[in-house]
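Colleague: Hi, got a minute to walk me through this one? I'd like to hear how the pieces fit together.

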Amino acid sequence: MYENIELAVKQVAKGKDKAWVKEQVHHYLDLVEMAHAADKRPDEISGGMKQRVGIARALALKPKVLLMDEPFGALDALTRAKLQDALMAIQAELNNTVIMITHDVDEAVLLSDKIVMMTNGPAATIGEVLDIDLERPRNRVAMADNLQYQKYRQAVLTFLYEKQAKNELSATAEISKQQDAKKSA
């Protein structure tokens, strides 16, 4: 795992010595709680551990824009929460843009400044955009009692369960109407 992250660190190491590279690799391994597996090969670790190493490698590149597709999906709840917190801290440090695809409502509200909710289906489009105006840094425990957090969470759930369901019913009715018109013709 060490070499996997070292490759990324070396990409941003311009002029830095070996000690700096080693320190950075260990920093990112620590962030994703994988220091204990630094010497393991990919075939010796679980899928969730591989996912954490991938996150560390991506973060080590210090990208201006980071695209993450369900990055915490294969992780247990505690590791997921710790990595979400680490991601918020790193994003604040790097001041970069993170675009994350997630199906987790709480994750979206906690981590986002803007949530783009998509309609369902292969021809999905943007359904609604919700700007999240919560102070940073965010504390997940404090957010649980934050009324504004709860309102944003409710807005996402309303879109998913009420507005999206209505749109699906309308689309189904329209398809049915078109099929009936074809049969009549």
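Modeller: Sure, let's go through some helices, a strand pair, the core and a few backbone details.

Colleague: Before we start, what kind of model is this?

Modeller: This is a predicted model.

Colleague: Good to know. How many residues does H4 have, and how far does that helix reach?

Modeller: H4 covers residues 77-94, which makes 18 residues. From first C-alpha to last, H4 reaches 25 Å, close to the 26 Å expected at 1.5 Å a residue.

Colleague: Which residues of H4 are buried?

Modeller: Quite a list: Thr79, Arg80, Ala81, Leu83, Gln84, Ala86, Leu87, Met88, Ile90 and Gln91.

Colleague: And what covers them?

Modeller: The cover includes helices H2 (18-31), H3 (47-60), H5 (105-111) and H6 (140-143), along with strands S1 (65-69) and S2 (97-101).

Colleague: What happens at the start of H4, and what follows the helix?

Modeller: At the start, a side-chain oxygen of Asp76 comes to within 3.2 Å of the backbone nitrogen of Leu78. After H4 comes Asn95, with a positive phi near 55°.

Colleague: You mentioned S1 and S2. Do they run parallel or antiparallel?

Modeller: S1 and S2 run parallel, and five bridges join them. One pairing to look at is Met68, whose bridge partner in S2 is Met100. Going from S1 through H4 to S2, the chain makes a β-α-β crossover that is right-handed.

Colleague: Which residues of S1 are on the covered face, and which on the uncovered one?

Modeller: Leu66 and Met68 make up the covered face, while Val65, Leu67 and Asp69 are on the uncovered one. That fits a general pattern: in a regular strand, side chains alternate between the two faces of the sheet.

Colleague: Switching to the core, how many residues are in the largest nonpolar one?

Modeller: The largest nonpolar core has 45 residues, and those with the most contacts inside it are Ile5, Val9, Met34 and Ile115. At least two residues each come from helix H1 (2-11), H2, H3, S1, H4, H5, strand S3 (114-118) and helix H7 (147-184). H3 supplies the largest share, six residues. In soluble globular proteins, nonpolar side chains tend to be buried together.

Colleague: Tell me about H3, then. What span should that helix have?

Modeller: H3 has 14 residues, so at 1.5 Å a residue the helix should span 20 Å, and its end C-alpha atoms are indeed 20 Å apart. Buried in H3 are Gly48, Met49, Gln51, Arg52, Val53, Ile55, Ala56, Leu59 and Ala60. These buried residues pack against H1, H2, S1 and H4. Just after H3, Lys62 has a positive phi of about 50°.

Colleague: Back to Val9. What is Val9 in contact with?

Modeller: Leaving aside neighbours within four places in sequence, Val9 contacts Trp20, Val21, Gln24, Val25, Tyr28 and Ala60.

Colleague: Gln24 catches my eye in that list. Is Gln24 buried or exposed?

Modeller: Gln24 counts as buried, because its relative accessibility is 10% and the cut-off is under 20%. Gln24 sits in helix H2, and beyond neighbours within four places in sequence it is in contact with Val9 and Lys62.

Colleague: Now Tyr2 and Asn4, which of them is buried, and which is partly exposed?

Modeller: Tyr2 is buried, with a relative accessible area of 15%, while Asn4 is partly exposed at 24%. Tyr2 lies in helix H1, and so does Asn4. Not counting residues up to four places away in sequence, Tyr2 touches Lys22, Val25, His26, Leu29 and Ala38. With the same kind of neighbours left aside, Asn4 is in contact with Val53 and Arg57.

Colleague: Last topic, the loops. Which peptide bond is cis?

Modeller: The bond from Arg136 to Pro137, with omega near 0°. Pro137 is in the loop between strand S4 (126-131) and H6.

Colleague: And what is phi for Glu33 and for Glu70?

Modeller: Glu33 has a positive phi near 55° without being a glycine, and Glu70, also not a glycine, has a positive phi of about 45°. Glu33 is in the loop between H2 and H3 and is partly exposed at 33% relative accessibility. Glu70 is in the loop between S1 and H4 and is partly exposed at 22%.

Colleague: Great, thanks for the tour!

Key: Residues are numbered from 1 along each chain as its sequence is written. This is a predicted model: local features need pLDDT of at least 70, side-chain atom pairs count only at pLDDT 80 or more; totals for chains, interfaces and linings use all residues. Side-chain values use heavy atoms; hydrogens and water are left out. Helices (H or I, at least four residues) and strands (E, at least two) are DSSP runs, numbered from the N terminus. The expected span of a helix is 1.5 Å times one less than its number of residues. Buried means under 20% relative accessible area, exposed over 50%, partly exposed in between (1.4 Å probe, protein chains only). Contact means heavy atoms within 4.5 Å. A polar contact is a pair of N or O atoms within 3.5 Å; within protein, one must be able to donate a hydrogen and the other to accept it, and residues adjacent in sequence count only if both atoms are side-chain atoms. Two strands pair if DSSP finds at least two bridges between them. A crossover is right-handed if, with the strands pointing away from the viewer, the path from the first strand over the helix to the second runs clockwise. A nonpolar core is a set of buried Ala, Val, Leu, Ile, Met, Phe, Trp, Tyr and Cys residues joined through side-chain atoms within 4.5 Å.
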